[in-house]
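Trainee: I'm new to this one and would like a close look at a single part, the helix pair in the first chain. Could you walk me through it slowly, and then show me what lies around it?

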There are 6 protein chains.
Amino acid sequence: MDLVTFGETLLRFSPPGQERIERATELEFRAAGAESNVAVNAGRLGAATAWLSKVPDSPLGRKVTATLRAQGTEPVVARSDAGRQGTYYIEQAGEPRGANVVYDRADAAVTTATPADLDTDLVADADYFYTSGITPALSETLAETTASLLERARAAGTTTVLDVNYRAKLWGPTAARGVLESLFPDVDVLVVAERDARRVLARDGAVEEIAGVLADEFGFETVVVTRGADGALAVHDGAVHEQGVFDADTHDPVGTGDAFVGGFLARRIEGGSVPDALEWGAATAALKRTIPGDTALVTREEVEAVLAGDGDGIDR
Amino acid sequence: MDLVTFGETLLRFSPPGQERIERATELEFRAAGAESNVAVNAGRLGAATAWLSKVPDSPLGRKVTATLRAQGTEPVVARSDAGRQGTYYIEQAGEPRGANVVYDRADAAVTTATPADLDTDLVADADYFYTSGITPALSETLAETTASLLERARAAGTTTVLDVNYRAKLWGPTAARGVLESLFPDVDVLVVAERDARRVLARDGAVEEIAGVLADEFGFETVVVTRGADGALAVHDGAVHEQGVFDADTHDPVGTGDAFVGGFLARRIEGGSVPDALEWGAATAALKRTIPGDTALVTREEVEAVLAGDGDGIDR
Amino acid sequence: MDLVTFGETLLRFSPPGQERIERATELEFRAAGAESNVAVNAGRLGAATAWLSKVPDSPLGRKVTATLRAQGTEPVVARSDAGRQGTYYIEQAGEPRGANVVYDRADAAVTTATPADLDTDLVADADYFYTSGITPALSETLAETTASLLERARAAGTTTVLDVNYRAKLWGPTAARGVLESLFPDVDVLVVAERDARRVLARDGAVEEIAGVLADEFGFETVVVTRGADGALAVHDGAVHEQGVFDADTHDPVGTGDAFVGGFLARRIEGGSVPDALEWGAATAALKRTIPGDTALVTREEVEAVLAGDGDGIDR
Amino acid sequence: MDLVTFGETLLRFSPPGQERIERATELEFRAAGAESNVAVNAGRLGAATAWLSKVPDSPLGRKVTATLRAQGTEPVVARSDAGRQGTYYIEQAGEPRGANVVYDRADAAVTTATPADLDTDLVADADYFYTSGITPALSETLAETTASLLERARAAGTTTVLDVNYRAKLWGPTAARGVLESLFPDVDVLVVAERDARRVLARDGAVEEIAGVLADEFGFETVVVTRGADGALAVHDGAVHEQGVFDADTHDPVGTGDAFVGGFLARRIEGGSVPDALEWGAATAALKRTIPGDTALVTREEVEAVLAGDGDGIDR
Amino acid sequence: MDLVTFGETLLRFSPPGQERIERATELEFRAAGAESNVAVNAGRLGAATAWLSKVPDSPLGRKVTATLRAQGTEPVVARSDAGRQGTYYIEQAGEPRGANVVYDRADAAVTTATPADLDTDLVADADYFYTSGITPALSETLAETTASLLERARAAGTTTVLDVNYRAKLWGPTAARGVLESLFPDVDVLVVAERDARRVLARDGAVEEIAGVLADEFGFETVVVTRGADGALAVHDGAVHEQGVFDADTHDPVGTGDAFVGGFLARRIEGGSVPDALEWGAATAALKRTIPGDTALVTREEVEAVLAGDGDGIDR
Amino acid sequence: MDLVTFGETLLRFSPPGQERIERATELEFRAAGAESNVAVNAGRLGAATAWLSKVPDSPLGRKVTATLRAQGTEPVVARSDAGRQGTYYIEQAGEPRGANVVYDRADAAVTTATPADLDTDLVADADYFYTSGITPALSETLAETTASLLERARAAGTTTVLDVNYRAKLWGPTAARGVLESLFPDVDVLVVAERDARRVLARDGAVEEIAGVLADEFGFETVVVTRGADGALAVHDGAVHEQGVFDADTHDPVGTGDAFVGGFLARRIEGGSVPDALEWGAATAALKRTIPGDTALVTREEVEAVLAGDGDGIDR
C-alpha cells in the first residue's frame, strides 16, 4: 500500500435543498470521515490506499465499507458486535446561516479499537501512514492506539502524517494540544490549519514563522499550514513554499481540507516535490468544492486539467 | 387532557422502495414510538392527548416534537443538553426477507428522565395514563420513573394502561417479567400480545384463560390480549369479548398494535363499552396498515366508514 | 379526425407511496379527465383524435395541453383570461382505506365554454364525437353546450357517444337523470356502468334487459354496460355480446373505464365489430391498471399481446 | 397569547430545481400566508402565538393546520364544509426570469369568515394583533371582519399591527388605499414597503418624511418602512431609527418581509426597543433568505448569532 | 410550416445536484438536440414549426417525440426497426469542474436517414429550413442528406439557415470545414460562433471583418456571429448590427446558442428586422439560462418582459 | 480467488413506480449483468470473487466498476478508449403488462475483449470459473475469447461453469445451440433453464431425463436445470436431486436465476454437497425477489434464516 489511514468514518445525513432537519422528510445518506476521505482522495489520483478502522457488524457498518470501496479505497476493518456506528447530521446554507453539524458519534465501535483489533502490519508495510487529530479526540483508547500506530509506523520507516483537524465539538484546545504534542515526536509531516496553529497549538506570529518554529521544535520533515481562501504554505528542508487557491464555485465545502491533503499526498507518493504536491492539493481542493459529499470524487485527468488552466465551460 | 402517555420517540430512517440500507443513498425520515403513536392515534379520533418525555435540545429533538404536534398530540417535554436522540433504521420487505429493525437508541436523553424532569401534574389530572413495557426496558432510571408515574396516576384516580410490548432486542423475557409484574399493581388496563403473554409472562392455556387468570391475579379492571391475524380478546368485569380483524392490504405493518390501542382508548375515553372499543381498535388498526410510518394518520370519519363496511373503491 | 371529445381536464395531485395529503411534502403532478383520457387512449391505438375544451391562459392551462399533446392527442382549446384551472387531489390505498378524491374544480374556465368558444366544425367533420355525463354536470352553460354539440354532431352524421360516468360529488341521481335523458335523443352509443344504470337511470332487472330496454326506449345504436370485475356487455342491432375481464395486477385503477371506452372506440373506428371492440376495450382496460395516472399509455402492440394471451414475464 | 394573527394561509406548489410548471411532474407542497408566517416566525423566537382563520374541513385544510402547528404556532380555526382551500403556484428563478406567482385563491373558505366564526376573545386577550392588507383584499366580508377585529383589539387594549402588503394581482392601488386608510384609525403599528407607500398610499418625498407624515396623519404609535436591499426605517415617538440589512445568500426570497415583521414583533413583545426590534427583524429576514418555503424556520440562538456577527462557515 | 428543422435529438441523462455519474443512483431524463431545440424555441414564440428526423420504433424513440410535442413542435419522423437512439450524459458543475458531456450516439437510426425516409415536401413548403453542422458530422449518409435538403429548400425558395455548431468530440476542424463549406452555396443565413469561425473556418481579423468576408465569399444573405458573453453581431445587406447580452443568473447553460437562434428566427419569421431579431435572440438566450434542460421553455410574454426591462423580483 | 466470472455488465435504467419510459422524467440507475451478478451474489455469502471484463475508460465504465466493488466483488477490467458502455432499459409491471427490456448494448467495449486484454492467470488460479451463454452471443470475438478462457480454465484444473441463459433478443436458438455445444467439452457444470433445454438445446422428455442425457452426452460433472416456480433439479454423479422454491413476495424478479447460481456456487465452493448447494441457491433466489436491482444484496445470515424457516414478520 502507498498510503494507509486510520480513523472513524461516520454516516452523514443531510436534508436536500437547504431544508431544515426538523422539517425534512428525507435525508441524503452518505459516509464520510477525515481519514477515509484522504484515503479515497489519494486513491482517486493513483495511490494504492487502505483505511483501517473498526465498524459494527450491521447494515450501518456495511454502508460505510461499501461506500468507501465504491469510491476507491480498501476498507480493512474489524467488525464488532458491540459499539455504535457514529453519525453526523449537516444542514448547509449560505450566509448568514452557514453550515451546522450535529454529531451523534459517542460510543462508536471504533472508540474501542486497540492495535490488536487492527491489521497493524499494513501500517508498517505502507509508504505513508495518515491520521488526524479527530481520532485521538474520540476516546482514551483511541488516543493510545493512535500513539501506538504512529510509533509502529515510524519504527518501520513509514512516513507519518498528522493533520491537527481540531474539532471544538469534541474537545477543548488545551486538552487537544496536550495529546497532539505527545504524538508529534512520531510525526514526519504535520498539517495544520492556521487557525488551529494559533488557537490550539498556541503559536503566534507570521504564518511562515509558525511553520518554521513548529518544524524546528518537533523535528517535522514537513509542516503544511492551510489558510482557507489564502491558500497554503509549507516549510520543508528549511525552505518555505507558498500556494494560492484555484477559483471554485462552491457547491459543498465540507472535506476541502481532506481533498487538499489527499492531492498533496498522492503527488508526494509518486515522487512530486513539495511545491508540486501543494499545487496538486490546491487543485484537488478546488474540484472538491463542486462535488456533493465529503470526498473529492475526481479523476487524475481532472486535476491535471485544473493545473493546466482548463476546466469550466462545456466540454463537448 | 383525556390521555397522557409517557415514553421514548425515536427518529426512524427507512430506505425507499425496499432498497437495502447499505446501498441506499437517501432515507425516509420520520419520528415514531409506541407511546407517542398511541397519543397521536387517540388524538386523531377526538381525544385531547399529550405525550410526556425528554428530548435533546437540538434539531433532532425538534424533529420529534414538530412531527408529533403536526400529527395531533401535544408534546410536553424536558429539553436536555445531554443525552442522545434515539433512532432506529428499518428495512421493510415481503417474505422471506421480512422487516428488519436496527436500533440505535442507547443513552438517549429520555433514559435519564426522572419525575422531576416531567410535568407529573399532567398525569394526575388526566383521565387516562398510558405507557408500554418498552419504557422501563430502556434504563433503570426509566424503570423507576415509570413506576413512580403509574403510582402517581393511580393515586390521583387516573386510569392506568400498560401495554407489555416486549422487545427482544432490549431485554430478556425473565428480566422483563420481573420489572413488568412489579408495575402491575398500579395498572388498571393491561394490553398484551398473546405471544408475549406466553413467552414473557409465562402463561399458558387457552387465550381467554390467560386473560382471566391475569385479571384475577393482578386485579386488572381490563385485560386485552391482541392476537395478530386472529384479532383480539378482552376480559372485563368477568366477561369475555372477542373481536376479529378487518381485512387490510398491508402497506406498512409497523405500529398496528399501537393503532389498535389508540382506537380502543379513544372509544373508551368517550364512554364506549369494551366491545365497542375493541371494534374501534380493530378498525383503526386495519386503516393503519395502509399508511406509511408508525401512526394511524386517520380521521374519525374513516374509522366510522370501516365500521360501517364502507371503504375500498374510489370515492368521487 | 377520427374522434373528437369534449370535456374538462383537471390537474391531478397525488402523494407518493400511499402517503396522506396532510403530511405529504411533495405531490405527483399530472393532468387527467374522462374525455381527454378517451382521446389519448384511442389515439395511442391508431385513431386520429382531438380534445375540445377551454383552459386558462396560464402555466396551469399549458400543463394540461402539453401533457395531452405528449400522450398522443391534439388539444384544440380556447385560452381564457378568466376562470380557474380545475384540479383534483387523490389519495390511493388498498382496503379498507380505498382511494379518496377531493375535487377543487368549481368555476373552471371550461364551465363557461359556449359553442362560440369551440371549434365546432371539428365535431361536425369527425367520425366519432364523445363526451361524458361529467361535462353537463359542471355548469348550466356546459349542459347547454353539450346538448348543442351532440345535436351538431348528429346533424352532421358524426357518431355520438355518451358515457354516463356519474359523479356523486358533482350532482344527485335525479338531477343527473333529467339532464342526461334530455341528451339521449342525440346519442348513438351509450356507455353506462351497471351501477349507474340502476341508481341514476333507475333501471332494474338483469343487465341484458336493462341494456335492451334502454336501446329500445332511446333508439341507441349501441348500449355498452360496464360491470367492473364482471366485464362488460353490449346490445347492438338487437344482439347481446358479453365480454369478461383480463387479469391484471392493479397499480392504479383510476381511468380503467376510460381505457375501456378508448380501446372500444379505437377498434370501432377502424371497422371492428362490437364484440371485437369489446375485447379491445377489455385488453386496454387491463393494461391501464398497471400504469400510473389516468390514461392507458400503451401501444397497439401491447394490446395485441394481451389479446394473444402474451404479456407477463420478462421479455428479453 | 402574546400575538394573534388573522388571515389566509394558502397551499403552495412549486416545481423543484427551477423547473417550469408546465413540464413539472412533481411539485413541492407547503402551506404559507403572510399572517401565519408572522405567527410562526415570532413563535420560533419565543412568543406564544396563534393564527385565526377559517379552513375547509378536508385533507387540504388539515395540511394547513398540521403545517402551522409543526412550525410553532397554534391554528385556531373554524372548519367549514363550504368554500375552497386557496392555493398558489410559484416558479422561482434568477434574472431575468425572476419569480412568478399564479394565485388560485378565489372563493376560499376564509373569504366568508365573520367575527361569529372566529374566537375573537383570543384577539381581545392578546398583547398584539397582526393582520395584513392581503386579508381585506380577499372579499368584502373579510374587509368587514378585519375592521371588526381591529376595532375589538383596539378596544381591548391589544396593540394592533397592520402590514400594507399590497398585492397587485388582488386589487388596484386606489381600491387598496381606500380600504386600508379606513382601517388605519384602529392601527397602532403600521408596516409598509417604501414602494407601497408611494404607489398605494400615494406618498412622496424622502422615506423618513413619508413615515413621519403617516404617523402624524393617522396617529400611529410606530411606522416601519421596509426598503428591500436598503434596509428599514422606523418612526416611533417622533424619533427616526434606521436599520441596514445583513448579508445573505438568497435561496428563497419569498417571506422575507414576514420574517422581518416576525422578528420585529417577537422582540417588541419581550420588551425590546424599536431599534433593537428592527435589528432582530433584519437578522430574522437575512436567515429567512437561506430557507426554503415562506417561513423563517429558525431558532432564537441563530438570530442571536447573526446579531453577534457569527454565522457562515462550518460549525463543528 | 414557418420553420422546419432537421437533425438528431438525443436522450439526455444528468445526475441531480452536481452529483457525479459514477456515484449517481438516479438520472434526470430529458431529450434534446440542436435542431429540435431551435424548433421548440421558435415554436414557443409563435412560429409553426416541425422537426424532421428518424428515430427507433421503441419507447426510447417515443420519449423523444413525446417530449418535443409537449414542448411545442411537431416531430415528423420515420420510425425505424434498425439503429439506436442516441444519448448523451452530462455532468454540470461550476468552476473549475465545468460541464462534461459523454456522447453515446454512434449508429443512431438517424445516421441512416436518406431523403427517401423524410417528408421533404415539408422542407420545400416551409418559409425557413434550419440545420446545424452537427448533422453532417454524424455520418456520410447524413452529410449527403443534409446537402440534398438544403438544395431542395433553396430550389423551392425556402430560406436556409445553417449553424456551424462545431463539436470537437465528433470531428476535426479540417474535416468540418471541408464538409461545411461544400454546403455553404445553398445556405442563406449562416450562424457561427466566433471561436468556430476562427478555429474551424480558419478566419481571422476583427469579428465584423470575418462576418463580412464570409458573407461576400459565399453570398450569404445574413451572417450571425455569436460571441458568448460579448453578445452577437450580424452582417446583413452590407450593414453590421451589434447586440449585447441580457444579464442572467445561469442555472443551466446548455442550449443557450439554440435559444438565441430560436428567438432570432421566430422574430425574422414574423417580419422583424435583423437588429430586432438579434434582440429577441439575446432575450430568449438569457431566459434559457434560468431553465433546466436544453430548451428555452418560455412564453412570448416573458421574452417581451425581458426586452421591456422587466423580469426579476417576485411577480404577485 | 474462489470464483472468477467473465462477461458484460450493463448500465440499467428503469423508471420509478411502474412509470413508462416515454413519460418518465427520471430513471433509476444501476449496473447489472449475469456474470457480475453471480460474482456479487457468491461474494456476499463468503466466496472471494472477481469479475473479468473490458469497459470504456469513462464515467460510465467507472459507474460499473464502482457499483460492483461496493456490492462485494472485485472488478478486474481492461479500460478502453474505444467501444461503448452497454445499457439496458427495463419497465416492470404486473400482469398483463409484464416486464419489458430494451437492450442498447451493440458495440460495447467488451465485445472486442481478447484473452490478451484480460488477466487470464486469474482464471487459471481460481477454484471456479463462470460465464453464461450471453457472453458468446455478443460478438464473434467474445465467442472465441469465451472458448479460450474455458479451455485455459479446464487445463489449469479450475472447475468451469456455464449457464445457458438464452436471450432471444441477442440470437436465435439454432445459432445459440451451435456455439454453446462447441463450448460444452470444456464445461464441468452446466446450468440451464428447462425452457432453454427444450427450445435451444432441443431436448425433450422428462426434465430428469434431459439432465441425465446432457450429462452423459457431454460428460458434465453436474447438470442443474432450473424450473421457475417448480424449483430446480440437478444430476450429479449419476444421482438426481430435486429442490423446491421458497415462498417470496416478488418486488423485482430480474436476476433470480443469477441469485440461484450465486448461492449454489458459494455453497459448493465451501464444500457443500449438491443438494445442500441447491437449497442455498433456492434460498438466495427467494431473497433476491424482495430486492430491487439485479443482485441478491443479502448476507449469509439472511440465507441461513431462510433455510431455518425464519424470515417474515418484524425483527425487533
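**A helix pair and its surroundings**

Mentor: Happy to, and bear in mind throughout that this is a predicted model. Before the pair itself, let's stop at a spot earlier in the chain: A:Ala202 sits in the loop that runs between α7 (194-199) and α8 (207-218) of chain A. Its phi is near 60°, which is a positive value in a residue that isn't a glycine. With a relative accessible area of 44%, A:Ala202 counts as partly exposed, because that class runs between 20% and 50%. Chain F has its own version of this spot. There, F:Ala202 lies in the loop between α7 (194-199) and α8 (207-218) of chain F, and its phi is also positive, about 65°, although F:Ala202 is not a glycine either. F:Ala202 is partly exposed too, at a relative accessible area of 44%.

Now for your pair. When two helices pack, people describe them by the angle between their axes and the distance between the axes. Here the partners are α10 (residues 274-288) and α11 (residues 300-307), both of chain A; the angle is about 105° and the axes are 9 Å apart. Angles from 65 to 115 degrees count as roughly perpendicular, so that is the word for α10(A) and α11(A). Which residues make the contact? From α10(A) come A:Glu279, A:Trp280, A:Ala283, A:Thr284 and A:Leu287. From α11(A) come A:Arg300, A:Glu302, A:Val303, A:Glu304, A:Val306 and A:Leu307. Sort them by class and you get six nonpolar residues, four charged ones and one polar one.

Let's step back to whole chains. Two copies of a chain are related by a rotation about an axis and a shift along it. For chain A and chain B, a turn of 180° with a shift of 0.0 Å along the axis lays one on the other, with an RMSD of 0.0 Å. That is the relation of a two-fold axis. If you want to find the axis from chain A, look for A:Leu27: its C-alpha is the one in chain A nearest the axis, 2.7 Å from it. The copies meet through the same surface, since 100% of the interface residues of chain A are also interface residues in chain B.

Chain A also touches chain F. Six residues from chain A and six residues from chain F take part in that contact. Together the two chains bury about 540 Å², with 55% of it on carbon and sulfur atoms. On the chain A side, A:Arg62, A:Arg69 and A:Ala70 supply 65% of the area that chain A buries against chain F, more than any other three residues.

Two last stops, in chains C and D. How many of the 11 residues of helix α1 (residues 34-44) of chain C are buried? The count is 11 of the 11, so the helix is largely enclosed by the rest of the structure. Among the buried residues are C:Glu35, C:Asn37 and C:Arg44. After α1(C) comes C:Gly46, with a positive phi near 125°. Further along chain C, the peptide bond joining C:Glu95 and C:Pro96 is cis, with omega about -5°. C:Pro96 belongs to the loop between β6 (87-91) and β7 (99-104) of chain C. In chain D, the bond from D:Glu95 to D:Pro96 is cis as well, with omega near -5°, and D:Pro96 lies in the loop between β6 (87-91) and β7 (99-104) of chain D.

Conventions
Residues are numbered from 1 along each chain as its sequence is written. Chains are lettered from A and ligands numbered from 1 in the order in which they are written. This is a predicted model: local features need pLDDT of at least 70, side-chain atom pairs count only at pLDDT 80 or more; totals for chains, interfaces and linings use all residues. Side-chain values use heavy atoms; hydrogens and water are left out. Helices (H or I, at least four residues) and strands (E, at least two) are DSSP runs, numbered from the N terminus. Buried means under 20% relative accessible area, exposed over 50%, partly exposed in between (1.4 Å probe, protein chains only). Axes are lines fitted to C-alpha atoms, for helices over the stretch in contact, and angles run from 0 to 180 degrees between N-to-C directions. Angles under 35 degrees count as roughly parallel, over 145 as roughly antiparallel, 65 to 115 as roughly perpendicular and the rest as oblique. Contact means heavy atoms within 4.5 Å. Ala, Val, Leu, Ile, Met, Phe, Trp, Tyr, Cys and Pro count as nonpolar, Asp, Glu, Lys and Arg as charged, and the others, Gly among them, as polar. Copies are superposed by least squares on the C-alpha atoms of residues with pLDDT of at least 70 in both. Buried area is the accessible area (1.4 Å probe) that two parts lose on being put together, summed over both.
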